[in-house]
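User: Please take a close look at the disulfides of this protein. I would like to know where the bonded cysteines sit and what else ties the loops around them.

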Amino acid sequence: MRGFAAAFLLCTLLAPRGQAWPTHTACRGGSLEILYQSCDPLQDFGFSVDQCSQHLKSNLSIRFGIILREDIKELFLGITLLTEGTSFLSYSYAICEEDLPRFSFCGRRKGEQLYYAGPVHNLGLDIPKGEYQVLLKLYNEDHSMVACANATVISS
């Protein structure tokens, strides 16, 4: 009977969730709103942007936190912009490289917390009016997913 109970518990924990993760607000201010939802069936995470403006500054302050399910000797960010379900721009960026650890969390191991609060450097641009879908994926050197988000950017 114990074996059945253990198998049932394991199947319950590993089975895909029937409901999606809640939608979170990364920022809301003036004429810009950024919403996101984890697309990882096993884990949600926290993310926020400090300055919420249609003009993205070149030094944007963010906060991000997650418990790692994978080691991250190397960490990459994949960004895909979508319109009406069709991808029109994809970009990949190395955040942590084995020989060039840019952040203190580079090299963290499975089970540890990854928390970052600080600037991210970008080009700085104006977000045109409209609603945009963005798929963000963090993955490690083995292409294992570390975090995944479907984001909606609403600029009015």
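Analyst: What follows goes through the disulfides one by one, then the salt bridges of the loops, then the confidence of the prediction.

This is a predicted model, in which local features need pLDDT of at least 70 and side-chain atom pairs count only at pLDDT 80 or more, while totals for chains, interfaces and linings use all residues. Residues are numbered from 1 along each chain as its sequence is written, and side-chain values use heavy atoms, with hydrogens and water left out.

A disulfide is a covalent bond between the sulfur atoms of two cysteines. The structure holds three disulfides, a disulfide being a pair of cysteine sulfur atoms within 2.5 Å. With the bonded cysteines numbered in sequence order, they pair as 1-3, 2-6 and 4-5.

Cys-27 is bonded to Cys-52, with an S to S distance of 2.2 Å. Cys-27 belongs to strand S1 (residues 24-29) and Cys-52 to the loop between strand S3 (46-49) and strand S4 (55-56), so the bond ties together parts that are 25 residues apart in sequence. Helices (H or I, at least four residues) and strands (E, at least two) are DSSP runs, numbered from the N terminus. The torsion about this S-S bond, between Cys-27 and Cys-52, is about 55°, so the disulfide is right-handed. Cys-27 is buried at 5% relative accessibility, and Cys-52 is buried at 18%; buried means under 20% relative accessible area, exposed over 50%, and partly exposed in between (1.4 Å probe, protein chains only).

The sulfur atoms of Cys-39 and Cys-148 are 1.7 Å apart. Here the link joins distant parts of the chain, 109 residues apart: Cys-39 is in the loop between strand S2 (32-38) and S3, and Cys-148 is in strand S12 (residues 145-155). A torsion of -85° about the S-S bond makes the link of Cys-39 and Cys-148 left-handed. Cys-39 is partly exposed at 25% relative accessibility, whereas Cys-148 is buried at 4%.

In the remaining pair, Cys-96 and Cys-106 have an S to S distance of 2.0 Å. The torsion is about -75°, so the disulfide of Cys-96 and Cys-106 is left-handed. Cys-96 lies in strand S7 (residues 86-97) and Cys-106 in the loop between strand S8 (100-101) and strand S9 (113-121), ten residues apart in sequence. Cys-96 is buried at 0% relative accessibility, and Cys-106 is buried at 15%.

Salt bridges also involve these loops. The whole structure has four of them, each a side-chain nitrogen of Lys or Arg within 4 Å of a carboxyl oxygen of Asp or Glu. Asp-40 pairs with Arg-69, their closest N and O atoms being 2.5 Å apart. Asp-40 is in the loop between S2 and S3, and Arg-69 is in the loop between strand S5 (59-67) and strand S6 (75-83). Asp-40 is buried at 3% relative accessibility, while Arg-69 is partly exposed at 25%. Asp-50 and Arg-63 form another salt bridge, at 3.2 Å between the closest N and O atoms; Asp-50 is in the loop between S3 and S4, and Arg-63 is in strand S5. Arg-109 bridges to Asp-71 at 3.1 Å, which links the loop between S8 and S9 to the loop between S5 and S6.

On confidence, the protein averages a pLDDT of 84, pLDDT being the predictor's confidence in each residue, from 0 to 100. Strand S2 has the highest mean pLDDT among the elements, 95, and helix H1 (residues 2-14) the lowest, 40.
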